[in-house]
There are 2 protein chains.
Amino acid sequence: MEANKIVLIGAGNVATHLGVALVRKGYSVLQVYSRTEEAAKALAIRLQTGFTTCLDDVTDEADLYIVSIKDSALDEVLPRLTCRNPRAMYVHTAGSISIDVWKGLAVRYGVLYPLQTFSKECEVDFSAVPCFVEANTEEDTALLQRLASELSRNVYRASSEQRRYLHIAAVFACNFSNHLYAVCDHLLSSHGLPFEVMLPLIDETARKVHQLRPVEAQTGPARRYDENVIGRHMEMLQDEPELAQLYALISRNIHTYQTNND
Amino acid sequence: MEANKIVLIGAGNVATHLGVALVRKGYSVLQVYSRTEEAAKALAIRLQTGFTTCLDDVTDEADLYIVSIKDSALDEVLPRLTCRNPRAMYVHTAGSISIDVWKGLAVRYGVLYPLQTFSKECEVDFSAVPCFVEANTEEDTALLQRLASELSRNVYRASSEQRRYLHIAAVFACNFSNHLYAVCDHLLSSHGLPFEVMLPLIDETARKVHQLRPVEAQTGPARRYDENVIGRHMEMLQDEPELAQLYALISRNIHTYQTNND
């Protein structure tokens, strides 16, 4: 049993990049559903397919429904979706949602979690995106693994428990790092300096952990807990208490990690 | 007046990478000084030159002394250094130290600040490292600019005030991001997952800000302030209060930045 006819439920960043990758590999995306007409239409045009903003109009002719919607909408959407086509397979793409969310709603179900930061404006080389799959039967786990392997060369099986930790780890490494870039941008631009000067450093920081463990790659005043520098930096941040708090907390934590590592 | 004969005061990460880049470009490094014999010797061997661990034995035959030592050691080292060769030029390499640290100690002085994360174990392409120069005369600023331009294609003039902000911005974007990679590594390895799976995501997060401003590139639960996900993540961190505190603080700050940006 294969999954060649696909419906995308959701038209956000993940659905967009997954949809583009699927169509490129020759999969047939029958339809896009999104609550928001603008998003549904934009993705449908990109994939040259139809769209709907009404769950009751989702076609029942697909083999596989891929659900990429806000976690908080799952409870409402899933039962209304699965009841229309009980023989199909259903997967969601959320890192922190258990496979059990499907229990009692579908017979064949699973998860296809692409571990990447997707923005609609940025092209992504999907073949490099690590994908984590899980299904309720061995047969369907293998099916998802085959499907994901057509899109990406980094496909792994992961339990719901492991995926939860992948997701929170990714929040730290990616979402939170990006926020630190935003803080950097803010500090530079408010002193007449272009963010661009920081790019070689940002690149090198990411590159280094291909070679060294992060705790070994750590540099900067907090590593050696240089109180002179830390004190001067805290003074510079005194008008921005959230940044001062962040600076103090991370510096302390770096020092703890280094102490435990030495 | 050029600076062809150089002495390196310090044998840490910055001195090492700067020394290697200088020697590659044909500069003559006459000597390496470090308090620590092991470090002085290692760098001297790498640069095929002599070393000393005694400030009074630093040669007075150099045109340029480059000081890359811990900020807290400057007060003690600088006066003992400059008095031996009053006609030479002196620069330090510290982001957060003003050029005025030389005032009254030397006639020709300045700063050469390479904005990069250096670890001795990692090769760095110095030609891509942004370098910020400052000197007490226009003539010597131009001299430092020429010298730095032989090592790097990204050379800028920056005042001490701008450099302070470059440094603190770099601490956020680089040192603190690296700590978040370390947190990620810790969360993954304590759940049997290899850090390597996160590398494509770390790379993409860094790559994206070449194209989008960080605040626009922001993704993840905190961007949309998804309380379900945030709540579940806070629960997962309940045994690690420092991480829980960090998670809560950054999530709140991301939300504030997004609200101000929308």
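# Two chains, one interface

Helix 5 of chain A and helix 5 of chain B lie roughly antiparallel to each other. This is a predicted model, where local features need pLDDT of at least 70, side-chain atom pairs count only at pLDDT 80 or more, and totals for chains, interfaces and linings use all residues. Residues are numbered from 1 along each chain as its sequence is written, and side-chain values use heavy atoms, leaving out hydrogens and water.

**Exercise 1.** Work out how the two copies of helix 5 are oriented.

- Step 1: Find the helices, which are DSSP runs (H or I, at least four residues) numbered from the N terminus. Helix 5 covers residues 160–189 in chain A and residues 160–189 in chain B.
- Step 2: Get the angle, which runs from 0 to 180 degrees between N-to-C directions of axes fitted to C-alpha atoms over the stretch in contact. Here it's about 180°, with the axes 9 Å apart.
- Step 3: Apply the cut-off: over 145 degrees counts as roughly antiparallel. So that's the label for this pair.

**Exercise 2.** Describe the contact between chain A and chain B.

- Step 1: Count residues in contact (heavy atoms within 4.5 Å). Chain A brings 93 residues and chain B brings 94.
- Step 2: Look up the buried area (accessible area, 1.4 Å probe, lost when two parts are put together, summed over both). You get about 9000 Å², and carbon and sulfur atoms give 67% of that.
- Step 3: Pick out the top three in chain A: A:Tyr165, A:Phe172 and A:Met236 supply 8% of the area chain A buries against chain B, more than any other three residues.

**Exercise 3.** Find a salt bridge across the interface.

- Step 1: Use the rule (a side-chain nitrogen of Lys or Arg within 4 Å of a carboxyl oxygen of Asp or Glu). It finds four across the interface.
- Step 2: Take A:Asp185 and B:Arg213, whose closest N and O atoms are 2.8 Å apart.

Technical notes:
Chains lettered and ligands numbered in written order. Parallel < 35°, antiparallel > 145°, perpendicular 65-115°, else oblique.
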